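Trainee: I should like to learn how to read the features of a protein model. May we look at one together?

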Amino acid sequence: MTVIAASTAAVLALAGCGSSSSSGSGSSSAATTSNFVLGGLWPETGSLASLAPPELAAEKLAVQDINDAGGVLGNSITTVDADTSDADHADQNTSAAQSVLSKNPSFIIGPASSSVVKNTYKTITAQNVPMLSMGATSTSLSGVSDYFFRTVAPDSVQGAVMGNLIAQDGVQKLAIATFNDEYGTGLRDTIVKTATAAGVSVVYGETDTFDPTETNFSSIATAIKASNPDATLVIAFDQTVPLLKALVSAGVNTKKLYFVDGNTQDYSDDVDAGVLEGSKGTIPGVNPSEDFVKRLESTGVDLKNVTTYGAETYDGIILAALAAQKGGSADGKTIQANMAAVSGSTNGEKCDSYKACVALLKDGKEIQYQGQTGIGAFNTNNDPSSANIGVYTFDASNKPVFDHTQSGDVPTE
């Protein structure tokens, strides 16, 4: 998430902490190579908690689809999960990772947050366990490890789309409210670079930030109002609601706000009807299909009107299972070595489900998994080589409604 929120709602961008450590032998060598153990690191508490339901539903759905198709290498996959919370709980980040590692996972899905990934990836990848984030969008994570993958585009793509969107909407003076977080400042800097190159002037917030634990935003809202902006960009997670209320109180034009994946969500219960009408937001990834959303709902998980990173979670798990199937082993090194190939780097035959892809693999064919996200094959940085950014517009009830998708290639430098 970076981080990083729905077909009509988003925030984006996702078990307990568990024991503190595992043996030094490493998960990939300790796991039985024919048994695929899926580890999950989720933001079940903290500022990203709204992302957990669709991610957990996607995990359930992927496991169901894999096992219904015969599992991996003839065996049903099993799962072990932990709650990482958010970057303000670094101890929980690491203890959750260690708890999952102690169960000898073949592969780990998550965390969703860029900052939480930074707090955990060295511990995980040092044991040759591949991990994939569905929502960590920080550009600094590109190529950070041969064992780190993601099914979401880095902020360089969303930032460019948002910067261009702001400029194309005719904004001349932009104010920005963002928190002091890897995700917040990184995305802001990309947006500022793109927007200013297109002639937009940033009148507040080019360097200003607020603490992620801040709860009183009156002074920030007053400063934004005083800067007399045409529009205001808000980059935050659950801080967004009190910030919105402060902006309303200060008299800032809330019909000309811009949101990102961390906070493009349903605000119908938070502010008066019509307050956000006409404002816009962006979310990396495709707008989930109605059928896929129904399948997520069928798992019994209450999505709470959020579907962000559900598709990215689902595809990440399917890709890892296919990599194990292709390589003939469920150990971490084998999965890592085959992730790019099953994503399409070898220009194999296209297939759109685990069942169909496994059938092709058993026939000795190369495959190109065409999943829910529509991403391109993993590039040399283990980022998707191309990705989509959804653009949403808030309606009169303060709900984001999908408008269109903009796609773009992901840079490798």
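Mentor: We shall take the sheets, the helices, the cavities and the backbone in turn. Please keep in mind that this is a predicted model.

Trainee: How does one read a sheet, and in what order do the strands of the 7-strand open sheet stand?

Mentor: Strands of a sheet pair through backbone hydrogen bonds, either parallel or antiparallel. Here, the order of the open sheet with 7 strands is β7-β6-β8-β9-β10-β13-β14, and its pairing is mixed. At the edges stand β7 (201-204) and β14 (400-409); each has a single partner strand, so one side of each is left without a neighbour in the sheet. From one strand to the next, the twist averages 25°.

Trainee: How many bridges join β13 to β14?

Mentor: Strand β13 (residues 386-394) and β14 run antiparallel and are joined by 9 bridges. To find one of these on the structure, start at F394, whose bridge partner in β14 is P400.

Trainee: Which strands does helix α6 touch?

Mentor: Helix α6 (residues 182-197) packs on this sheet and touches β6 (173-178), β7 and β8 (231-235). The direction of α6 makes about 150° with that of β8. Helix α7 (residues 218-226) lies across β6, β7 and β8 as well, and runs at about 135° to β7.

Trainee: Let us turn to the sheet of 5 strands: what is its pairing?

Mentor: The pairing there is parallel, and the strands of this open sheet follow the order β2-β1-β3-β4-β5. Its edge strands, β2 (78-83) and β5 (148-150), each pair on one side only. The twist of this sheet averages 25° from one strand to the next. As a detail, strand β1 (residues 37-42) pairs with strand β3 (residues 107-109) in the parallel sense over 3 bridges. Within β3, I108 is the bridge partner of G39.

Trainee: Where does α10 pack on the sheet?

Mentor: Helix α10 touches β1, β3 and β4 (131-133), and its direction makes about 175° with that of β3. Another helix, α2, lies across β1 and β2 and runs at about 170° to β1.

Trainee: How is the packing of one helix on another described?

Mentor: Two packed helices are described by the angle between their axes and the distance between the axes. Take helix α2 (residues 52-68) and helix α9 (residues 290-297): their axes come within 8 Å and cross at roughly 90°. An angle from 65 to 115 degrees counts as roughly perpendicular, and α2 and α9 are therefore roughly perpendicular to each other.

Trainee: Which residues of α2 and α9 make the contact?

Mentor: From α2 come P54, A57, A58, L61, Q64 and D65, while α9 supplies F292, R295 and L296. Sorted by class, this contact has 6 nonpolar, 1 polar and 2 charged residues.

Trainee: How does one find empty space in a model?

Mentor: Rolling a probe the size of a water molecule over the atoms shows where empty space is left. In this model, the largest cavity holds about 70 Å³ of space. It is lined by 11 residues, and the closest to its centre are I283, V286, P288, T308 and Y309. The elements giving two or more residues to this lining are β10 (280-284) and α10. By class, the lining of the largest cavity has 8 nonpolar, 2 polar and 1 charged residues.

Trainee: What is the volume of the second largest pocket?

Mentor: The volume of the second largest pocket is about 170 Å³. Among the 13 residues lining this pocket, S343, Y369, Q370, G371 and I375 are the closest to its centre. Two or more residues of the lining come from each of α10 (310-327) and β12 (367-369). The lining of the second largest pocket divides by class into 4 nonpolar, 7 polar and 2 charged residues.

Trainee: What should one look for in the backbone itself?

Mentor: Most residues other than glycine have a negative phi, and most peptide bonds are trans. In this model, L73 has a positive phi of about 55° although it is not a glycine; L73 is found in the loop between α2 and β2. A cis peptide bond joins G110 and P111, with omega about 0°. The loop between β3 and α4 (114-125) is where P111 is found.

Technical notes. Residues numbered from 1 in each chain as written. Predicted model: local features only at pLDDT ≥ 70, side-chain atom pairs only at ≥ 80, totals over all residues. Heavy atoms only, no water. Pairing = 2+ DSSP bridges. Helix = DSSP H or I, 4+ residues; strand = E, 2+ residues; numbered from the N terminus. Axes fitted to C-alpha atoms, helices over the stretch in contact; angles between N-to-C directions. Contact = heavy atoms within 4.5 Å. 1 Å grid on protein atoms, 1.4 Å probe; cavity = no way out; pocket = protein on both sides within 12 Å on 5 of 7 lines; lining within 4 Å. Points joined across faces, edges and corners; volume = space filled by probe spheres on them. Nonpolar A, V, L, I, M, F, W, Y, C, P; charged D, E, K, R; others polar. Parallel < 35°, antiparallel > 145°, perpendicular 65-115°, else oblique.
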